[in-house]
Amino acid sequence: MAASAGPEIERLISLLAKLPGLGPRSARRAALALLKKREQLLEPLAASLAETAARVVSCSVCGAPDTRDPCSICSDTSRDNALICVVEEAGSLWAMERSGAFRGKYHVLGGLLSALDGVGPEALRVSELVGRVKGGEVREVVLALPATVDGQTTAHYLADRISATGAGNAVEITSLARGVPVGGDLDWLDDGTIVQALRARRPA
């Protein structure tokens, strides 16, 4: 930290450095930008952070952060209650919503199973998902989890848990297709993506 900075500024830099994508240098630059534009940036940001900390809660149904419970998506009667998309974190939910292609409901796990990190099913919102499926209204569960070892392990575990509920026979379990992205050039793709694209090929 900058030796000439006061303890308040050092604390600001230290906290900013803990954000994803920000190291000590980036945090220092961000802190300087905030301090230079105190009225336009720093004070509104501080007020927004305080309001967010006071008002945002986790939805008791899907686990997404919102200022209401149930959240705005779970409360939307125009969305399909029988279609649930399972995501790792809220960021994935927001990405799905940006596309505008999904009109069902969501379930935020809050992470992925990881033996290496000691994350088991009890640390995630697995029981809540199983409970929603047992309700009898769900016809499809879309597993929109990362194409990583932990993501695939979690997906297999969830599929087994849903199938074991007894409602599993009536519930279709699907996952997002993986392969060549729109506008993608094969020469730039990794081997794993090409393999997935070949496995998921369809009639032209």
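The largest nonpolar core in this predicted model has 18 residues, and those with the most contacts inside it are V86, L129, V141 and L158. If you follow the chain through that core, you find that β3 (80-87), α5 (126-134), β5 (140-143) and α6 (149-163) each supply at least two of its residues, and that α5 gives the most, with four. As general background for this part, nonpolar side chains in soluble globular proteins tend to be buried together.

Let me turn now to the cysteines, where I want to be careful. How many disulfides does the structure hold? The count is zero, and C59, to take one cysteine, is in no disulfide, with the nearest cysteine sulfur, that of C74, lying 3.8 Å away. A disulfide is a covalent bond between the sulfur atoms of two cysteines, and the cut-off applied here for such a pair is 2.5 Å. Why, then, is C71 not bonded to C74 in this model? The sulfur of C71 is 3.7 Å from that of C74, which is the closest cysteine sulfur to it, and this is too far for a bond. As for their surroundings, C59 is buried, with a relative accessible area of 3%, and C71 is buried as well, its relative accessible area being 3%.

Next, the aromatic rings, for which the whole structure was searched and one aromatic pair was found. The partners are F102 and Y106, whose rings are 5.1 Å apart from centre to centre, with 55° between the planes, so that the pair is classed as tilted, the class for planes that are neither under 30 degrees nor over 60 degrees apart. Are these two residues buried or exposed? Both F102 and Y106 are buried.

Finally, the pockets, and here I will keep to the largest one, which has a volume of about 280 Å³. Which helices contribute to its lining? The helices α1 (7-16), α2 (24-36) and α3 (38-55) each supply at least two residues of that lining, and α1 gives the most, with five. If you would like to find the site on the structure above, the lining consists of E8, R11, L12, L15, L16, L19, A30, L34, L42, L45, A46 and L49. In terms of chemical character, these residues divide into ten that are nonpolar, none that are polar and two that are charged, the charged ones being E8 and R11.

Notes
Residues are numbered from 1 along each chain as its sequence is written. This is a predicted model: local features need pLDDT of at least 70, side-chain atom pairs count only at pLDDT 80 or more; totals for chains, interfaces and linings use all residues. Side-chain values use heavy atoms; hydrogens and water are left out. On a 1 Å grid over the protein atoms alone, a cavity is a set of points where a 1.4 Å probe fits but cannot get out, and a pocket is an open set with protein on both sides within 12 Å along at least five of seven lines; lining residues have an atom within 4 Å of a point. Grid points are joined across faces, edges and corners, and a volume is the space filled by probe spheres set on the points. Rings of Phe, Tyr and Trp (its six-membered ring) pair if their centres lie within 6.5 Å; planes under 30 degrees apart count as stacked, over 60 as edge-to-face and the rest as tilted. Buried means under 20% relative accessible area, exposed over 50%, partly exposed in between (1.4 Å probe, protein chains only). A nonpolar core is a set of buried Ala, Val, Leu, Ile, Met, Phe, Trp, Tyr and Cys residues joined through side-chain atoms within 4.5 Å.
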